[in-house]
Structures are given as structure tokens and as C-alpha cells.
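Open the model in your viewer and keep the sequence panel beside it. The stops below say what to select and what is found there.

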Amino acid sequence: MSNITLLSSQKLFNGTHNQYQHQSETTNCPMTFSVYLPPEANNENKVPALYFLSGLTCTDENFSVKAGAQQYAAKHGIALIMPDTSPRGEGVPDDLEDDYAFGQGAGFYVNATQKPWNKHFKMYDYVVAELPKLIESELPVSEVKSIFGHSMGGHGALVIALRNAKNYRSVSAFSPITNPIETPWGQKALYNYLGDHLPQWLQYDACHLVAQGNNQLPMLIDQGLDDQFLEEELLLDNFISATDDAGYEVTINQHEGYNHSYFFITTFIESHLDFHAKYLLAE
């Protein structure tokens, strides 16, 4: 008996784009995720996977519909795995002030330790452990994987890859939150999810993790210079300083005229799929 329920299926670039739901033991609620399987994926041929972590307010559908990534995944023979950004549903707490940067849709890819968030908001464990195990057992997807993301999801991708470098072939990000302990979004999320305990905060801060000398892996970042969140929330310059100081090799492309939107992601998505394919398909 399958542990996942198929909600919808679309043929796309001779592969299939499916949306699934399952009952998560990690988040204690139903979780929805999307998977694009290229034409090569079948019971006899498992394909490597590229996990995409979305940003604030997104579901699994934002990237699926807007980014145009499936055509490049089909070209390379790579599966795309697209989870939701947080637990959702009846009984899952949300921000009482209706702040889009916290609560449902804003899990920040951490394991919450503070009530009432700690019962459901375990997105770090969900992405690192539960979801890959489920995917690899239920679908024609191998254990070979890379990870990328946008904004809050870029933060999640960098943190997860830096803390689990042996599990991923490569990591990339569009407009990532790189130093959340120094930003309004990050400080609210980390304080409410983790409490007033700085050592826990630091485990979810890419600048700190790089400075600690975490294992290197291939890394790519693209950032638009007209991004309205660049100076206050993303703090890319802090990350550049941290990688320079640590001697951490990273390719960072900064683009005039581009903002924080999916128009930016769509423009450069092919280069990210090409980047990851080089490592995912290597022997």
C-alpha cells in the first residue's frame, strides 16, 4: 500500500508532473508536494533528484507553474522535487498578526522548539530526512540529490546543504536570505520558533555555517541588484565577506535590473539546472 496519494498528474515535456499528499510524521499534518519525473524515470531506471525550496507565502505550486524548470529537467533526465514551505491546515498554528513572513507559508526550514510551533513546524527534518526517504521508496528516484531554492528557500537550501554536505552533490540559490540572525524576517522567525537562544539561531545562518568551515560543495548564487529586499533582508554582501574570509569557493552572479520575482528566476533557471546536472550526472 502506497504511503502517498496522487492528487493530480500532467504530461509535460514527455515526462509527468504529479502532485501528491501524505500524512507527515515530522510535521504532524498532511503535507503536499509536487514531483516532475523526466521521461527516463521508470521502475527499471531511477533518476537523480533536485529539490527546490520555495520562498515566503509559496506552496509547491508557485515554482511548478512559474519557473519553467521542467523542460530543463527533462533535457537532463533529472527529477524535480518541490515541497510546500510549511505545515498547513486545521490545528496548525498561524501568525495572529497575519504577518506573511511568519507562520503558515513561512516555516523558514527550521525545527521549531517553542510552543505552539514545535508540534508542526519541523521543516528542516522534513526536507532533510522524511521527504527524501518517502520519495526514494515510492518513486523512481535515486539517493543522488542536490538542492536549491529562492529567498527563504534559498536560505533553507544553503543551510541544509552546508549542514549535510555529504548528502548533496551541489547547492544553488536565487536571492537567498543569507544572514537571517541580522534581518527583521529572520529575527522574528528564529525568536518565535527557537526562543531566545542564539546558539540555535546560528545553526540556521549560512554566514555563520560558512565561517565555521563546513564541508565545501559546489555552490551557485544569482542575485538581482534591483531586488527590493536585498539591503535589509538578504544581506548578500555579508555572505560574500563570510565566504571570502573562510576561503569558501562559490560562484555569485549579480544582475543589473532584476528584482525578487519569478521573472528573475525564470530568466536564469536554465543555468541552475545545467549547474546541478553536471554534478548529479557525474559518475
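**Stop 1: helix α3**

Select residues 123–138, which form helix α3, and look along the helix to E130, where α3 bends by about 35°. Within four residues after E130 comes a proline, P132. The model is a predicted one, and the bend is a value computed from it.

Now color the buried residues of α3. They are M123, Y124, Y126, V127, V128, E130, L131, P132, L134, I135 and E136. Both the bend residue E130 and the proline P132 are in this buried set.

What do the buried residues of α3 pack against? Add these elements to the selection: the strands β2 (15–24), β3 (29–37), β4 (47–53), β5 (79–83) and β6 (141–150), and the helix α4 (152–163). The buried residues of α3 pack against each of them.

**Stop 2: R88 and D84**

Next, turn to charged side chains. The whole structure holds 6 salt bridges by the search. Select R88 and D84, whose side chains meet in one of these, at 2.6 Å from N to O.

Is D84 buried or exposed? D84 has a relative accessible area of 6%, under the 20% cut-off, so D84 counts as buried. Its partner R88 is at 25% relative accessibility and therefore counts as partly exposed.

**Stop 3: K188 and its partners**

Select K188 together with E97. These two form a salt bridge in which the closest N and O atoms are 3.5 Å apart. The pair links distant parts of the chain: E97 sits in the loop between β5 and α3, K188 sits in helix α5 (residues 184–194), and 91 residues separate them. E97 is exposed, with a relative accessible area of 65%, whereas K188 is partly exposed at 22%.

Keep K188 selected and add D99. The side chains of D99 and K188 also meet in a salt bridge, 2.9 Å from N to O. Because D99 lies in the loop between β5 and α3 and K188 in helix α5, this pair ties together parts 89 residues apart in sequence. D99 has 25% relative accessibility and counts as partly exposed.

Finally, add D95 to the selection. Which residues are joined into one network by salt bridges that share partners? The network consists of D95, E97, D99 and K188.

Technical notes: Residues numbered from 1 in each chain as written. Predicted model: local features only at pLDDT ≥ 70, side-chain atom pairs only at ≥ 80, totals over all residues. Heavy atoms only, no water. Bend = angle between axes of the 7 residues up to and from the residue. Helix = DSSP H or I, 4+ residues; strand = E, 2+ residues; numbered from the N terminus. Buried < 20%, exposed > 50% of the residue type's maximum accessible area, 1.4 Å probe, protein only. Contact = heavy atoms within 4.5 Å. Salt bridge = Lys/Arg side-chain N within 4 Å of Asp/Glu carboxyl O.
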